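Good morning, colleagues. Please keep the structure on the screen in view while I speak.

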Amino acid sequence: MKIIVGSDHAGYDLKKEMIPFLKELGNNVIDIGNSSSTELVYFPEIVKKVCLTFLKENADRAILFCGTGVGAVIAANKIPGIRAAVLHDWQSAHQAVEHDHVNVMCLGGKIVGTWLAEDLIKAFLNARGFTDDRTKHVLKLLSEMDAGKSID
């Protein structure tokens, strides 16, 4: 899989630990930045770079690392075509992909440790989106919302 990753300063250490793990799983990893835990990086800037690269490169998934994951998910979901979620538990990590076709995982480096992050990433990457009628309808509604259309 082609995976785009990026972090702000608060998520840098976890990202640094996860890149070799992602590569060991056989993924092509493209690191958009940040390159330090001490250099201040505003999360909306790195989120925009990661998400736009994800869309441009037609990547399989993206992973954003910040302090809690909350700022990253807010910023990512402002970009049409991105479906991001904070995924700090195993059930959500696979179900978000299966039911909602989430394509961007947001992890909090101050919340999740290495061992759990590895399990969550595996669940996220191994999950496949359902293609049943219910899921197709949900995706249609989400696409309409991306386009600014009312779903009334």
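I shall go through charged pairs, selected buried residues, one helix and some backbone features in turn. Please bear in mind throughout that this is a predicted model.

I begin with the salt bridges. How many does a search of the whole structure find? The search finds 3 salt bridges, and I shall take them one at a time.

The first pair is Glu57 and Lys2, whose side chains meet with a distance of 3.3 Å from N to O. Glu57 belongs to helix 2, residues 43–57, while Lys2 belongs to strand 1, so this salt bridge ties together parts that are 55 residues apart in sequence. As for accessibility, Glu57 is partly exposed, at a relative accessible area of 33%. Lys2 is likewise partly exposed, at 23%.

The second salt bridge joins the side chains of Asp31 and Lys15, at 2.9 Å from N to O. Here too the pair links distant parts of the chain: Asp31 sits in strand 2, residues 28–31, and Lys15 in helix 1, residues 12–24, with their positions 16 residues apart in sequence. Is Lys15 buried or exposed? Lys15 is buried, with a relative accessible area of 1%, whereas its partner Asp31 is partly exposed, with 39%.

The third salt bridge is formed by Lys140 and Glu144, and their closest N and O atoms are 2.7 Å apart. Both residues lie in helix 6, residues 133–146, and they are 4 residues apart, about one turn of the helix. Lys140 counts as partly exposed, at 46% relative accessibility. Why does Glu144 count as buried? Glu144 counts as buried because its relative accessibility is 18%, and the cut-off for buried is under 20%.

Let me stay with helix 6. The helix has 14 residues and reaches 20 Å from its first C-alpha to its last, which is close to the 20 Å expected at 1.5 Å a residue. Which residues of helix 6 are buried? They are Thr135, Val138, Leu139 and Glu144. These buried residues pack against helix 4, residues 90–100. The N-terminal end of helix 6 is capped by Asp132, with a side-chain oxygen 3.1 Å from the backbone nitrogen of Arg134. Following the helix comes Gly148, whose phi is positive, near 80°.

I turn now to rings and charges. The structure holds 0 aromatic pairs. There is, however, a charge placed over a ring: Arg61 lies over the face of Phe124, at 5.1 Å from the ring centre.

Arg61 appears again among the contacts of Leu125, a residue of helix 5, residues 114–126. Setting aside neighbours within four places in sequence, Leu125 is in contact with Met1, Ile3, Leu22, Asn27 and Arg61. Leu125 is buried, with a relative accessible area of 3%. The C-alpha atoms of Leu125 and Ala62 are separated by 9.7 Å, and these two residues are 63 residues apart along the chain.

Another buried residue that I wish to show is Ser7, which counts as buried at 0% relative accessibility. Ser7 lies in strand 1, residues 2–7. What does Ser7 touch, not counting residues up to four places away in sequence? Its contacts are Tyr12, Lys15, Gly33, Asn34, Val41, Ile46 and Phe65. One of them, Lys15, is the residue already described in the salt bridge with Asp31.

Gly33 and Asn34, also contacts of Ser7, bring me to the backbone. The peptide bond from Gly33 to Asn34 is cis, with omega near -15°. Asn34 is placed in the loop between strand 2 and helix 2.

Finally, two residues other than glycine with positive phi deserve mention. Asn58 has phi near 55° and is located in the loop between helix 2 and strand 3, residues 61–66. Asn58 is exposed, with a relative accessible area of 66%. His101 has phi near 50° and is found in the loop between helix 4 and strand 5, residues 104–108. In contrast to the exposed Asn58, His101 is partly exposed, with a relative accessible area of 22%.

Thank you for your attention.

How values were computed. Residues are numbered from 1 along each chain as its sequence is written. This is a predicted model: local features need pLDDT of at least 70, side-chain atom pairs count only at pLDDT 80 or more; totals for chains, interfaces and linings use all residues. Side-chain values use heavy atoms; hydrogens and water are left out. Buried means under 20% relative accessible area, exposed over 50%, partly exposed in between (1.4 Å probe, protein chains only). Contact means heavy atoms within 4.5 Å. Rings of Phe, Tyr and Trp (its six-membered ring) pair if their centres lie within 6.5 Å; planes under 30 degrees apart count as stacked, over 60 as edge-to-face and the rest as tilted. A charge sits over a ring if NZ of Lys or CZ of Arg is within 6 Å of the ring centre and within 35 degrees of the ring normal. A salt bridge is a side-chain nitrogen of Lys or Arg within 4 Å of a carboxyl oxygen of Asp or Glu. The expected span of a helix is 1.5 Å times one less than its number of residues. A polar contact is a pair of N or O atoms within 3.5 Å; within protein, one must be able to donate a hydrogen and the other to accept it, and residues adjacent in sequence count only if both atoms are side-chain atoms.
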